[in-house]
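Please look over the following model with me before you read my notes. I have set them out as numbered points, and each term is explained where it is first used.

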Amino acid sequence: MKKRYIFFRGLIATLDLYTDEFVKIYTEQEAECLVLQADRMDEEMMRLKAFMIEPVTAVISMNNIGLHLEFEQGRNIWDQFQIPFYNIMMDHPFHYKKALDHAPEQMILLCMDRNHLEYAERFFPNIRQKMFFPHAGIELSECMIEHEAEGDDLHEMERQPIEKYTKIPISERKIDVLYAGGLSRYAAEGLIPDLGAIKEFDAFELVHHALERLIQEPEHTTECIIEQSLLDINLKFDNKRLSEIISELRFLDSFAVSFYREQIIRMLAENGVTVTIFGAGWDRCEWEYQNVIYGGEVTPVQILELMNQSKIVLNTMTWFKRGAHDRIFNGMLAGAAVVSDTSEYMQENFTSGVELELFSLHHMEDMVRKIQYLLNNPEKAQSIACCGYRIAKEQHMWEKRLNNLI
């Protein structure tokens, strides 16, 4: 029987890039794919209903998009028609408490960090199916560039073989160090709740204490630090209330991530390394360095293009301690030498100094030293780039992840 899948796009550009890649993979496997525009679902419901006349293999979505759809009030579509809904959590589950508390039975939660999986197992017992599903990478193809310029939807276009895209040698690349990621603390300011409304404890003091600990102990998760900070003042809550508190204070996660992103860029600039950065928030920094080039916000495909012009792609985790980030794999597939802070997953799957360079947030001076060495030794950078490309191509592309999924 022919496999048939449902996807959503149209809300977030980065998620659309993943969706286009998923559709390409399944289309090449001769599956039938329905791609719905999530930004106008009222108009798309008739297309969805027509597609579901025949059996559907699965829905593959991200961050709950399309999770709570109904043809009839009070009846979730995916439960009603017994269609598996693979829900890939690109972010920590504590960002989506309400949606996950009311998840349909047909949902399979895919977590990109093992800590996220453990969190879901503890705080979302209503979700019966959960699994670890690590990030993967996308390799830039010539047609992606062409259709980006033309404004076409990639999932509707026939792509040229990836092998036709020629990698530029490290020594000929124009960008020394590329960092593609925003300062999320500015957006996270909108997540700060009314701390004065929390009556069980002094939330202002606890937030201050927890953020200090996150910065001093970056090996720990945000949820761990929040829970420990409560225990330090002799407060122990049941899982229901604790998950509510963690969700309310989840902005701390973005503040800690942004602190280290800012420190890393400053350290490189102060040590004479030219860093080209893209992403929201950097224009609001209160410091300027002549070695920092800010390019504003660009599209995900443009980021892939820039990676292909970069000697080094720098990554910092979004506080993933037991997972990875797509910047790592995208950078490898772009033929760049990748430098990233480490995690349990990275240590299990890579050797620092061979396929990439890893560093600890406790020792950021190592990051500066490693980047300076690679820039001064392009042969070593090229060796790392080649090894990184090979392992990413063989083991860390979305096709491999999806083939292992269903």
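1. Which side chain of opposite charge is nearest to R401, and how far away is it? The answer is E348, at 11 Å, and R401 is buried yet has no salt bridge. Buried means under 20% relative accessible area, exposed over 50% and partly exposed in between, with a 1.4 Å probe and protein chains only. A salt bridge is a side-chain nitrogen of Lys or Arg within 4 Å of a carboxyl oxygen of Asp or Glu. For charge, Lys and Arg count as positive and Asp and Glu as negative, while His and the chain ends are not counted.

2. Please keep in mind that this is a predicted model, in which local features need pLDDT of at least 70 and side-chain atom pairs count only at pLDDT 80 or more, whereas totals for chains, interfaces and linings use all residues. Residues are numbered from 1 along each chain as its sequence is written, and side-chain values use heavy atoms, with hydrogens and water left out.

3. R401 lies in helix α17, which covers residues 398-405; helices (H or I, at least four residues) and strands (E, at least two) are DSSP runs numbered from the N terminus. Apart from its neighbours within four places in sequence, R401 is in contact (heavy atoms within 4.5 Å) with F133, P134, H135, A136, F329, Y345, Q395 and H396.

4. Elsewhere, charged side chains do pair, and the structure holds 27 salt bridges. One of them joins R114 to E344, with the closest N and O atoms 3.1 Å apart; this pair links distant parts of the chain, since R114 is in helix α5 (residues 114-123) and E344 in helix α14 (residues 344-349), 230 residues apart. R114 counts as partly exposed at 23% relative accessibility, and E344 is also partly exposed, at 29%. Both belong to a network of salt bridges that links R114, E118, R322, E344 and E348.

5. A second example lies within one helix, where R241 and E244 meet in a salt bridge of 3.1 Å from N to O. These two residues are separated by about one helical turn because they are three residues apart in helix α10 (residues 239-248). R241 also forms a salt bridge with E248, at 3.6 Å between the closest N and O atoms.

6. The largest pocket has a volume of about 1,400 Å³ and is lined by 46 residues, of which T14, D91, G182, R261 and R327 lie nearest its centre. On a 1 Å grid over the protein atoms alone, a pocket is an open set of points with protein on both sides within 12 Å along at least five of seven lines, a cavity is a set where a 1.4 Å probe fits but cannot get out, and lining residues have an atom within 4 Å of a point. Grid points are joined across faces, edges and corners, and a volume is the space filled by probe spheres set on the points. Helix α1 gives the most to this pocket's lining, with five residues.

7. The structure also holds three cavities of 30 Å³ or more. About 60 Å³ of space lies in the largest cavity, which is lined by 13 residues, with F8, R9, L15, T19 and I65 nearest its centre.
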